[in-house]
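Here are my notebook pages on this protein, written for anyone meeting it for the first time. Keep the view open beside you and follow along.

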Amino acid sequence: VVGPAPIHLAENQGYVSKPALVFPFEEAVRMLGFSRDWKSFTLCEFMKSHFQLFAVAPVVFINVLDPSKHKTSVTAESVTLDSGGQATLQQKGVLLSTVVVKSSDGQTTYQRDVDYTLAFDDEERAVITRLPSGNIPAGATLSVDYDHLNPSAVTANDIIGGVDGTTGKVTGLELVNQVFPLFRLVPGQILAPGWSHNPTVAAVMTVKASNINGVFKAMAITDVDDSEADLYTKVPSWKNDKNYTSAYQVVCWPKVQLGDEVYHLSTQFAGVTCRTDSENDDIPFVSPSNKSLQANGAVIEGGEEVSLGPDQAAYLNGEGVVTALNFIGGWKLWGNRTGAYPASTDVKDTFIPVRRMFNWVSNTIILTFWQNVDDPTNRRLIDTVVDSLNIWLNGLTARGALLGGQVEFRAADNPETDLLSGVVRFHVRLTPPVPAEALEFKLEFDVNNLSALFAA
């Protein structure tokens, strides 16, 4: 999950353009900080949803908010100590390490933890507290210099990131390629809530999802810009015009609300998906559609409520958009199709659980047989791969995660020129179950049962 975090509230500021592997919510707060200002600090929205509403983990967060870059300096702000010996700085996001407290005339510089202490209050503002043992007079007026974070300075280019040609520093979505080398975890979903409605960001997310480290595959979970597509009938044309049409992409509309808190649907899609996977032995063959959201409403930008009927939700689903539906059983995630639908009808590319199963099987094969790369090309290698994979695929079939699967080593796939170059190909066939999108029941009036009227 890529975006800005309130790094000024973290235990330290070490996680800037550096992947942070997080399991519990408390660890996320310690490493990245937590703020209620989700528009400025979009990673906090995901922390709250994933850890506290859905209770699933882990998450790799990539914070792009750089205190050395996205900041504003304040010089000689005048504050006066109240009767309790405290004064509150005006700006939020204060970097405590940059605070310099002086006398009102600027002639005396006071020392932190000697003359005063610094801490954040419940409103996330920095508070100066006079120490009685220090040199600050009671009720004094102080002159304060400091830097504070400016999250509005974060742009789509920061989310996209790149590689510095001089220093080699990697930033933004480019850091996705560091997740597996650092943590030995393959990303399954890539998100940037609050940013993925930007077509350029979404395009990079999708490219990354389709080719991580040159071998792995994931899904990019993106949102529609509901300030532009503010009516469900506008969503399909927005999706097509902005090219949200990849098989490795999920397109979500609108936002959902729980109490006073508003979440991007992509955020809760990830929570529903991970919870569904966890209930099925972490095998992604079950669709997240028709599973419960943590929401009591759906809204668009500005807070206007959205209420779709099944027919309207089905219209969006038929255009490759996942939505939220409150019909039977409360608010549910609704939709099985990837962004590729309806332009593509290839079942492995258009059904979300089928595409994810292909990703998962491919990733698992790579992780399992990487150890066999550079082994001698002989019957022992071929039989090891074929037998092991067939046993595994049979196991998945037995538990219902596949309808069937088979791996073959075929002469047609392995010409002599390739074998002489060390290229060995195996043909894997698999059939994940497709979601039962429509259950149809035919009701018939059976006249034969009229005979019951004449029963003794």
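**Entry 1: one arginine**

In which helix is Arg-355 found? I looked it up, and Arg-355 sits in helix H10, which covers residues 352–369. A reminder to myself before going on: this is a predicted model.

Next I asked whether Arg-355 is buried or exposed. Its relative accessibility is 5%, so I noted Arg-355 as buried; the cut-off for that word is under 20%.

Then I listed what Arg-355 touches, setting aside its neighbours within four places in sequence. The contacts are Met-219, Ala-247, Tyr-248, Thr-338, Lys-348 and Asp-349.

**Entry 2: a four-stranded sheet**

I moved on to a sheet and wrote down its strand order, S17-S16-S18-S19. This sheet is open, and its four strands pair in the antiparallel sense. At the edges I found S17 (261–264) and S19 (305–306), each of which pairs on one side only.

How many bridges join S16 to S18? I counted three between S16 (residues 255–258) and S18 (residues 297–299), and the two strands run antiparallel. Picking out one residue, I saw that Val-256 has Ala-298 as its bridge partner in S18.

Two helices pack on this sheet. Helix H2 (residues 42–53) touches S16 and S17, and its direction makes about 95 degrees with that of S17. Helix H7 (residues 265–278) also touches S16 and S17, at about 75 degrees to the direction of S17.

Back to the strands: S16 and S17 are antiparallel too, paired over four bridges. Here Gln-257 has Val-262 in S17 as its bridge partner. I then looked at how the two strands are connected, and found a hairpin with two residues between them. Gly-259 is in that turn, with a positive phi of about 65 degrees.

**Entry 3: the loop after S18**

Glu-304 caught my eye in the loop between S18 and S19. Is Glu-304 buried or exposed? With 54% relative accessibility, Glu-304 counts as exposed, because the cut-off for exposed is over 50%.

Not counting residues up to four places away in sequence, Glu-304 touches Ala-298 and Val-299. Ala-298 is familiar from the previous entry, as the partner of Val-256. I also took one long distance: the C-alpha atoms of Glu-304 and Thr-88 are 35 Å apart, with their positions 216 residues apart along the chain.

**Entry 4: salt bridges**

How many salt bridges does a search of the whole structure find? The tally came to 22, and I looked at a few of them.

The side chains of Glu-11 and Arg-30 meet in one, at 3.9 Å from N to O. This pair links distant parts of the chain, with Glu-11 in the loop between S1 (2–3) and S2 (20–22) and Arg-30 in helix H1 (residues 25–32), 19 residues apart. Glu-11 is exposed at 59% relative accessible area, while Arg-30 is partly exposed at 37%.

Asp-147 and Lys-71 form another, and their closest N and O atoms are 3.4 Å apart. This one also links distant parts of the chain: Asp-147 is in strand S10 (residues 141–149) and Lys-71 is in strand S4 (residues 71–80), 76 residues apart. Asp-147 is buried, with a relative accessible area of 13%, whereas Lys-71 is partly exposed at 37%.

My third pick was Asp-413 with Arg-410, where the closest N and O atoms are 2.9 Å apart. Asp-413 counts as buried at 19% relative accessibility, and Arg-410 is partly exposed at 31%.

Which residues do shared partners join into one network? The members are Lys-39, Asp-226, Lys-255 and Glu-301, connected through salt bridges that share partners.

**Entry 5: a nonpolar patch**

Last, I went over the surface and stopped at a nonpolar patch. Phe-445, Val-447, Leu-450, Leu-453 and Phe-454 form this patch, with about 650 Å² of accessible area together.

I took a second look at Phe-445, which is found in the segment after strand S23 (427–431). Its relative accessibility is 68%, so I entered Phe-445 as exposed.

Note on methods
Residues are numbered from 1 along each chain as its sequence is written. This is a predicted model: local features need pLDDT of at least 70, side-chain atom pairs count only at pLDDT 80 or more; totals for chains, interfaces and linings use all residues. Side-chain values use heavy atoms; hydrogens and water are left out. Patches are made of residues with over 30% relative accessible area and no salt bridge: like charges are joined within 9 Å, nonpolar side chains (Val, Leu, Ile, Met, Phe, Trp, Tyr) within 5 Å. Accessible areas come from the Shrake-Rupley method with a 1.4 Å probe; for residues, only the protein chains shown count as cover. A salt bridge is a side-chain nitrogen of Lys or Arg within 4 Å of a carboxyl oxygen of Asp or Glu. Buried means under 20% relative accessible area, exposed over 50%, partly exposed in between (1.4 Å probe, protein chains only). Two strands pair if DSSP finds at least two bridges between them. Contact means heavy atoms within 4.5 Å. Axes are lines fitted to C-alpha atoms, for helices over the stretch in contact, and angles run from 0 to 180 degrees between N-to-C directions.
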